[in-house]
Amino acid sequence: MSDRIGWSFRSALGASIPFLCAVLGVIASNMPVSIFGANVPPPMFGLMPIYFWCLVRPDLMPPFAVFIIGVLQDLLGGGSPGVWTLSFVAAYAVVDRERDSFAGLAGVGAILGFAVALLIAGVTAYATIAVLYWHLPPVASILVEIAISVVFYIPVALILGVIHRRLIGPLRGDY
Amino acid sequence: MANGSMRYARGRGNAQLPLAIVAVLAVVLVLLGKAQSSLFDRARASFTDWTRPALVWVSTPFDKASAWFNGIDGIFVVYQENQRLKQENARLRQWQSAALLLDERLKRYQLLLNAVPDPALNARTARVIGRASHPFLDTMIIDAGKSQGLKPGEAVVDARGMIGRIFLSGERTSWVLLLTDLNSRIPVMIQPGNIQAIMAGDNTPNPTLDTLATTAPLKVGDQVVTSGDGGLIPPGLPVGVLVNEGGAFRVALLADAGASEDVRILDYKLPVEEPPAPSPNDLPASAAGLKPEPPPPPPVQQATPLQTNPPSGAPPKPAVAKPAAAQKPAPPQVNGGDNGDTQDQ
C-alpha cells in the first residue's frame, strides 16, 4: 500500500517537472536584470519546455499548463495582460497539431522547428499588440528576441533532455 | 510502449476541446486586460514588493557584471577618453559659471517683474533594482513606492535628463515606464521656437514626435524639453536633442536608462488656483446689459422677537414677511445700454 502511495507521489512529481521547468524559465526570462544591457531582450525560456515536452511527452504539458505559464509570463513581464498567454497557446496549438512533423526533426531541423514555434508566438504577440494599440511596433526587437532564444535553445534542450531522462523517466511509472 | 499508448490515448479529438477552451480563455484575458488592467497591475506591484529583497540581492552582481561588459571597449581608449573629458570639463566649468550668473540675473528680473515663481519641486532618490527590456516593453523597477510617497505619473530623471514616468506603485517598489516604451506619451517643447509636440515611444532608442505642425521649422540639434502641459510633469526638464532618421525627426534621449543606477523622482503638483467668487457684474444678465435679479431675501424668522426696544407706547412690531410685490421678480427691461435706468413696476 505504502509502495503504491509512494509510487503515485513520485509519478505526480514526475508529471509536474515539465511545468515547473517552464515556470522556472518564465522567472529566468523576466528577472529584471540583464548582463547584456537593457537593449538586448532576454531569451524566451518559458517557451522552451513547452515546445520540448509538447513533442516528447504532450501528456505532461497539457493546454491548461501552457495557459498558466502564459499568464505567469504576462504577470511577470509587465506588458499588456494576455498577450503572451495567447502567443504561447497559439504556438502550442500549431506544434501540437503538427507534432508528427516537428517530432521527426533532428539536429538543426529540431532547432529550426523551435524557431518556427517562436515565430508563431512572436507573430501572434506582434499582431495582438498592433491591434491593441492600433500601431505597428518595430519588428527588430522581436526578431532579436527570437534569434537569441534560438541560440539559447541549443544548451537548454540538452539540459531538458537530461532532466527528462534522469528525473521524469525514473519517476514516471508509465514511461 | 507506454509512451506510445499515452500518445494514442490523447488523440486529436480529446486534445482539441481543452485547447479550444484555453484559446478562448486567452482571448478573454487579452480583452479583460485591455478593459480592466488594474487587477493585473495590483498583482504585479504585490509580486514586486514581495520579491524586492531578492531583486536587490540579484541585481547588484548583474549590474556590476553588465557595467564591466559595457566598459570593456573603453579600456582601449582610456587615454584619449581622459584627454577628451579634461577638455570637456574645462569647457563645462565655464558654462557653469555663466549659468550661475544667468540664474541670478533671472531671479532678479523675476523679482522686479513680480513674476509668479516656479513651483518648488520635491524630489526623492531611489535605486534601480531591475530593468525589463522586452520586445514590446521598456520598464525599470526602483526600490521606492507608496510608503516613500511615490505616486503614479511622477517624472523620473537621472543626472542628464528625464527617463520616464512611474506607472505602477507598490508599497516599497515602483515600475517606471521609460520614454522609449510603446505606451509612453509626454508633451514636449522644442527649443528654440517653443514648438509644442507629443513625444511618443515606439520601443526604439529614439522616440518619435507626434502631432507636430508640418510647417514647424525644426533642425537637427534642437533641444527637446518637457512642456508641462497637463500639469503632471514639470516644465523644462531636459529630454533630448533632435536627430534626423530616415527623413523624420526623432529625439535622441539625453538620459541613459540602461546605465542609471540612482534616479530622482519629482513630486510636481501644479498649484490649484481657486476661482474668484462671481460678482453681480459677472452674471450673464449683467454681461448682456440687463439688470440682474435681486438676490433672494434672507429667510424670515417668524417667532423671533425684535432685539431693539420699540418706542415707548408703541406696540411691539411683529416680524412680517416682505410684501408679495417685492418678492415677485421684476420683468427685465431693456435700458438701451444705460445701466441703472430700470424701475420696478
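Counting 1.5 Å for each residue, the 15 residues of H3(A) ought to cover 21 Å, and the end C-alpha atoms of H3(A) do sit 21 Å apart, so the two figures agree. That helix is a handy way into this predicted model. Twelve of the 15 residues of H3(A) are buried, so the helix is largely enclosed by the rest of the structure. The buried set takes in A:Pro63, A:Ala65, A:Val66, A:Phe67, A:Ile69 and A:Gly70, and it carries on with A:Val71, A:Leu72, A:Gln73, A:Asp74, A:Leu76 and A:Gly77. Just after H3(A) comes A:Gly78, with a positive phi near 90°.

H3(A) has a packing partner in H4(A): the axes of these helices are 7 Å apart and make an angle of about 150°. The crossing of H3(A) with H4(A) is right-handed. On the H3(A) side, the contact is made by A:Pro63, A:Val66, A:Phe67, A:Ile69, A:Gly70, A:Val71, A:Gln73, A:Asp74 and A:Gly77. H4(A) brings A:Val83, A:Trp84, A:Thr85, A:Phe88, A:Val89 and A:Tyr92 to that contact. Sorted by class, the residues joining H3(A) and H4(A) are ten nonpolar, four polar and one charged. Several H3(A) residues turn up both in this contact and among the buried ones, including A:Phe67, A:Ile69 and A:Val71.

Stepping back to the whole of chain A, there are seven helices and zero strands. Read from the N terminus, the order of elements is simply α-α-α-α-α-α-α. Of the 175 residues in chain A, 49% are buried. Among contacts in chain A with a separation of 6 or more, 69% link residues 24 or more positions apart.

H6(A) can be checked in the way used for H3(A). At 1.5 Å a residue, the 26 residues of H6(A) should span 38 Å, and the 37 Å between its end C-alpha atoms agrees with that. Buried positions in H6(A) are A:Gly113, A:Phe114, A:Ala117, A:Leu118, A:Ala121, A:Gly122, A:Thr124, A:Ala125, A:Tyr126, A:Thr128 and A:Ile129. An α-helix has 3.6 residues a turn, so residues three or four places apart point the same way. Past the end of H6(A) comes A:Trp134, whose phi is positive too, near 50°.

Chain A does not stand alone. In the model, 43 residues of chain A are in contact with 46 residues of chain B. On the chain A side, helix H3 (63–77), helix H4 (83–97), helix H6 (108–133) and helix H7 (140–171) each supply at least two of the residues that touch chain B. H3(A) gives the most, with seven residues. By class, the side of chain A that touches chain B holds 26 nonpolar, 13 polar and four charged residues. For the complex, the predictor gives an ipTM of 0.82 and a pTM of 0.67.

Chain B has another make-up, with seven helices and twelve strands. Buried residues come to 24% of its 345 residues. In chain B, 54% of the contacts with a separation of 6 or more are between residues 24 or more positions apart.

One spot in chain B gives a local view. B:Ser174 lies in strand E5 (residues 174–178) of chain B. B:Ser174 counts as buried because 28 other C-beta atoms lie within 10 Å, where 20 or more are needed. Leaving aside residues up to four places away in sequence, B:Ser174 touches B:Ile142, B:Ala144, B:Gly145, B:Leu150, B:Ile166, B:Leu168 and B:Ser169. B:Lys146 is 28 residues from B:Ser174 in sequence, and the C-alpha atoms of the two are 8.2 Å apart in space.

How confident is the predictor, chain by chain? The mean pLDDT of chain A is 82, and 86% of its residues reach 70 or more. Within chain A, confidence is lowest in helix H1 (residues 2–29), at a mean of 76, and highest in H4(A), at 90. Chain B averages a pLDDT of 73, with 71% of the residues scoring at least 70. Residues 1–13 of chain B stay under 50, and the model has eight contacts for them beyond four places in sequence. The pLDDT is also below 50 over residues 303–345 of chain B, a stretch with 23 contacts in the model beyond near neighbours in sequence.

Definitions and conventions: Residues are numbered from 1 along each chain as its sequence is written. Chains are lettered from A and ligands numbered from 1 in the order in which they are written. This is a predicted model: local features need pLDDT of at least 70, side-chain atom pairs count only at pLDDT 80 or more; totals for chains, interfaces and linings use all residues. Helices (H or I, at least four residues) and strands (E, at least two) are DSSP runs, numbered from the N terminus. Two residues are in contact if their C-beta atoms, placed from the backbone, lie within 7 Å. Ala, Val, Leu, Ile, Met, Phe, Trp, Tyr, Cys and Pro count as nonpolar, Asp, Glu, Lys and Arg as charged, and the others, Gly among them, as polar. Axes are lines fitted to C-alpha atoms, for helices over the stretch in contact, and angles run from 0 to 180 degrees between N-to-C directions. A crossing is left-handed if the near helix is turned anticlockwise from the far one by less than a right angle, and right-handed if clockwise. The expected span of a helix is 1.5 Å times one less than its number of residues. pLDDT is the predictor's confidence in each residue, from 0 to 100.
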